[in-house]
Amino acid sequence: MRPVTKVRILGFRLGIVVLAFYWLVIFTGTHVPAVPQMFSAFNDKIKHFGAYFGLAFLLCYVTSGDKPWRRFGSILALAAIYGAIDELTQSLVPGRTTDFLDWGADLLGASTAISLYIGLRLLTQKSTPFRRILH
């Protein structure tokens, strides 16, 4: 059986296809007109945390590089910029508003995912120097 990282769909790595689909889903989810919530606003922060956790984890999975701090810093910066743009453009959608705390939940989710990814890589490849582990 081929490792999942080698699987290709229409010439693209499976991880890239999953990332693109996931990103499209979260973009769509934040840019459709709001529907009445059945749960508290706290649930909204959990949704933001989870969405950006998934986004950052997938970005960690499909990227590589010789400089892990630059790689993971870039992923966090991308999540921060995208989260800010996402929040600002939501104000253009009927029933949606810009919320600074949503952006904070986005950043927390992305940071947690990056930390978990690094931790899992360290646990699965103990004998490899830190610089080489995170490719």
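Let us start inside the fold, at I114: setting aside neighbours within four places in sequence, this residue is in contact with A56, C60, F72, I75 and L76. Keep in mind from here on that the structure is a predicted model.

**The nonpolar core**

I114 has company. The largest nonpolar core is made up of 19 residues, and L55, F72, I75 and I114 are those with the most contacts inside it. Two or more residues of this core come from each of helix 1 (14-30), helix 2 (42-62), helix 3 (68-90) and helix 4 (100-124). Which helix gives the largest share? Helix 2 does, with 8 residues of the core.

**The chain as a whole**

Now step back and look at the whole chain. Its secondary structure comes to 5 helices and 2 strands. If you read along the sequence, you meet these elements in the pattern β-β-α-α-α-α-α, so the strands come before the helices.

The chain has 135 residues, and 29% of them count as buried. About 8,700 Å² of the chain is exposed, and carbon and sulfur atoms supply 73% of that area. Contacts also tell you how the sequence folds back on itself: among those between residues at least 6 apart in sequence, 72% join residues at least 24 apart.

**Two glycines in helix 2**

Two glycines give you examples of positions to compare in the viewer. G50 lies in helix 2, and G54 is found in helix 2 as well. Are they buried or exposed? G50 is partly exposed, with a relative accessible area of 34%, while G54 counts as buried, at 17% relative accessibility.

Each glycine can be paired with a residue far along the sequence. G50 and A113 are 63 residues apart in sequence, and their C-alpha atoms are 9.4 Å apart in space. G54 and I114 are 60 residues apart along the chain, with 9.9 Å separating their C-alpha atoms. I114 is the residue we started with, one of those with the most contacts inside the core.

**A network around K45**

Next, look for charged side chains. Side chains of opposite charge can pair when their charged atoms come close. The count here comes to 3 salt bridges, and K45 takes part in each of the pairs in this table.

| Salt bridge | Closest N to O distance |
|---|---|
| K45 and D44 | 3.5 Å |
| K45 and D99 | 2.8 Å |
| K45 and D102 | 2.7 Å |

Together, D44, K45, D99 and D102 are linked in a network of salt bridges.

What does the salt bridge between D99 and K45 tie together? D99 lies in the loop between helix 3 and helix 4 and K45 lies in helix 2, so this pair joins parts that are 54 residues apart in sequence. The partner D102 lies in helix 4, so its pairing with K45 ties together parts that are 57 residues apart in sequence.

The acidic partners of K45 can also be described by how much of each is accessible. D44 is buried, with a relative accessible area of 17%. D102 is buried too, with a value of 4%. D99, at 24% relative accessibility, counts as partly exposed, because buried means under 20%.

**Q90 and its surroundings**

Another polar residue worth finding is Q90, which is found in helix 3. Is Q90 buried or exposed? Q90 is buried, with a relative accessible area of 3%. The side chains of Q90 and E87 are joined by a polar contact of 3.3 Å. Not counting residues up to four places away in sequence, Q90 touches T30, H31, H48, R96 and T97. Of these, T30 falls within helix 1 (14-30) and H48 within helix 2 (42-62).

**A nonpolar patch on the surface**

Finally, turn to the outside. L116, L120 and L123 form a nonpolar patch on the surface, and together they have about 280 Å² of accessible area. L123 has its place in helix 4. This leucine is exposed, with a relative accessible area of 61%. Helix 4 therefore has two sides to its story: it gives residues to the core, and it also holds the exposed L123.

Terms used: Residues numbered from 1 in each chain as written. Predicted model: local features only at pLDDT ≥ 70, side-chain atom pairs only at ≥ 80, totals over all residues. Heavy atoms only, no water. Helix = DSSP H or I, 4+ residues; strand = E, 2+ residues; numbered from the N terminus. Buried < 20%, exposed > 50% of the residue type's maximum accessible area, 1.4 Å probe, protein only. Contact = heavy atoms within 4.5 Å. Areas by Shrake-Rupley, 256 points an atom, 1.4 Å probe, with all protein chains shown as cover. Core = buried A, V, L, I, M, F, W, Y, C linked by side-chain atoms within 4.5 Å. Patch = residues over 30% accessible without salt bridge, like charges linked within 9 Å, V, L, I, M, F, W, Y side chains within 5 Å. Salt bridge = Lys/Arg side-chain N within 4 Å of Asp/Glu carboxyl O. Polar contact = N/O pair within 3.5 Å; in protein donor to acceptor, adjacent residues only side chain to side chain.
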